[in-house]
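Work through the following exercises with the sequence and the model side by side, and try each task before reading its solution.

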Amino acid sequence: MGAVIELVQGDITVLDVDVIVNAANSSLMGGGGVDGAIHRAAGPLLLEECAKIAAARPAGHACPTGEAVLTGAYKLPCKKLIHTVGPVWHGGRYGEAELLASCYRKSLLLAENNGLKTIAFPNISTGVYGYPKDKAAAIAVQTVRDVLAETPNIARVLFVCFDRENLDLYRQLLG
Ligand code: ADP
């Protein structure tokens, strides 16, 4: 009775799942790429909630790299959002792999602990943050498979690929 892992191509913001994951930056104050798309679609109240979280934490470190934070989803069709901060790629010797795995692990555990059974991930760190897409995809798939053993209430995990290169990589890894 394991969770189902699915591959989806396109825009993560339209998905009607319990929770979608945002590839945020550590300020939580919005950005480009999928972060920008999520904030645009959710509306300004999302930024208000993120600003409140940020105000209660050290400046610039509202969400440290590898961590995850839960918020409302506002105008999005999903129920909740998880904001996680992927590592910037600096060549691979600065703990990038562990930090990226931590994003997937902490997001799944946060979903599990909040009763969120279906979760959609973007390809964290593979845009502006420059993580090599093949390496990032392998970590994403392996980490999700490992962590699902500890999250009995999660029923469905969607990997959402926006670009063709990621889609092809995930297709190979998921068989
Ligand atoms: P990061 O800073 O973590 O690299 P980006 O948002 O720049 O974050 O890119 C992460 C991934 O999200 C990239 O693979 C990019 O193609 C993808 N992406 C961008 N917009 C969307 C969207 N609307 N839905 C799903 N994925 C998206």
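## Exercise 1: A residue beside the ligand

At 5% relative accessibility, S125 counts as buried, because buried means under 20% relative accessible area. Keep in mind throughout that the model is a predicted one.

Task: Find where S125 is located in the chain, and state what is notable about its phi angle.

Solution. Begin with the location: S125 belongs to the loop between strand 5 (118-121) and helix 4. Next, turn to the backbone, where S125 shows a positive phi of about 75° although it is not a glycine. To judge that value, recall that most residues other than glycine have a negative phi. Finally, look at the surroundings, since S125 is among the closest of the 16 residues that surround the ligand, together with V34, T126, G127 and V128.

## Exercise 2: A second positive phi

Task: Decide whether Y74 is buried, partly exposed or exposed, and describe its backbone angle.

Solution. Y74 is located in the loop between strand 3 and strand 4. Its relative accessibility is 37%, so Y74 counts as partly exposed. As for the backbone, Y74 has a positive phi of about 55° and is not a glycine.

## Exercise 3: The ligand and its contacts

Task: Identify where the ligand sits, and list polar atoms of the protein that lie at short listed distances from it.

Solution. Start with the site as a whole: the ligand sits in the largest pocket, and the element that gives the most to the shell around it is helix 1 (residues 33-42), with 3 residues. Then go through the atom pairs one by one. A polar backbone atom of I12 is 3.0 Å from a nitrogen atom of the ligand. In the side chain of T126, an N or O atom is 2.8 Å from an oxygen atom of the ligand. For D163, a polar side-chain atom lies 3.3 Å from an oxygen atom of the ligand. To finish, consider the cover: of the 560 Å² of accessible area that the ligand has on its own, the protein covers 91%.

## Exercise 4: Salt bridges across the chain

Task: State how many salt bridges the structure holds, and work out which parts of the chain are joined by the bridge between D18 and K79.

Solution. The structure holds 7 salt bridges. In general terms, side chains of opposite charge can pair when their charged atoms come close. In the pair named in the task, the closest N and O atoms of D18 and K79 are 2.9 Å apart. D18 lies in the loop between strand 1 (4-9) and strand 2 (19-24), whereas K79 lies in the loop between strand 3 (68-72) and strand 4 (80-85), so the salt bridge ties together parts that are 61 residues apart in sequence. The two partners can also be sorted by accessibility: D18, at 12%, counts as buried, while K79, at 55%, counts as exposed. D18 also has P77 at 8.7 Å, C-alpha to C-alpha, although the two are 59 residues apart in sequence.

Now repeat the reasoning for E67 and K106, whose closest N and O atoms are 3.0 Å apart in their salt bridge. This pair links distant parts of the chain, with E67 in the loop between helix 2 (44-55) and strand 3 and K106 in helix 3 (residues 96-113), 39 residues apart. E67 is partly exposed at 29%, and K106 is partly exposed at 31%.

## Exercise 5: A network of charges

Task: Name the residues that are linked with K133 in a network of salt bridges.

Solution. The network consists of K133, D163 and E165. Within it, E165 forms a salt bridge with K133, and the closest N and O atoms are 3.6 Å apart. E165 belongs to helix 5 (residues 164-174) and K133 to helix 4 (residues 133-147), 32 residues apart, and the pair links these distant parts of the chain. E165 is partly exposed, with a relative accessible area of 47%. D163 has appeared before, as a polar atom of its side chain lies 3.3 Å from an oxygen atom of the ligand.

## Exercise 6: A buried polar side chain

Task: Is N22 buried or exposed, and which side chain does its own side chain contact?

Solution. N22 is placed in strand 2, and with 0% relative accessibility it counts as buried. The side chain of N22 makes a polar contact of 2.8 Å with the side chain of D35.

Methods:
Residues are numbered from 1 along each chain as its sequence is written. This is a predicted model: local features need pLDDT of at least 70, side-chain atom pairs count only at pLDDT 80 or more; totals for chains, interfaces and linings use all residues. Side-chain values use heavy atoms; hydrogens and water are left out. A salt bridge is a side-chain nitrogen of Lys or Arg within 4 Å of a carboxyl oxygen of Asp or Glu. Helices (H or I, at least four residues) and strands (E, at least two) are DSSP runs, numbered from the N terminus. Buried means under 20% relative accessible area, exposed over 50%, partly exposed in between (1.4 Å probe, protein chains only). A residue is near a molecule or strand if one of its heavy atoms lies within 4 Å of it. A polar contact is a pair of N or O atoms within 3.5 Å; within protein, one must be able to donate a hydrogen and the other to accept it, and residues adjacent in sequence count only if both atoms are side-chain atoms. Accessible areas come from the Shrake-Rupley method with a 1.4 Å probe; for residues, only the protein chains shown count as cover. On a 1 Å grid over the protein atoms alone, a cavity is a set of points where a 1.4 Å probe fits but cannot get out, and a pocket is an open set with protein on both sides within 12 Å along at least five of seven lines; lining residues have an atom within 4 Å of a point. A molecule sits in a cavity or pocket if more than half of its atoms lie within 2 Å of its grid points.
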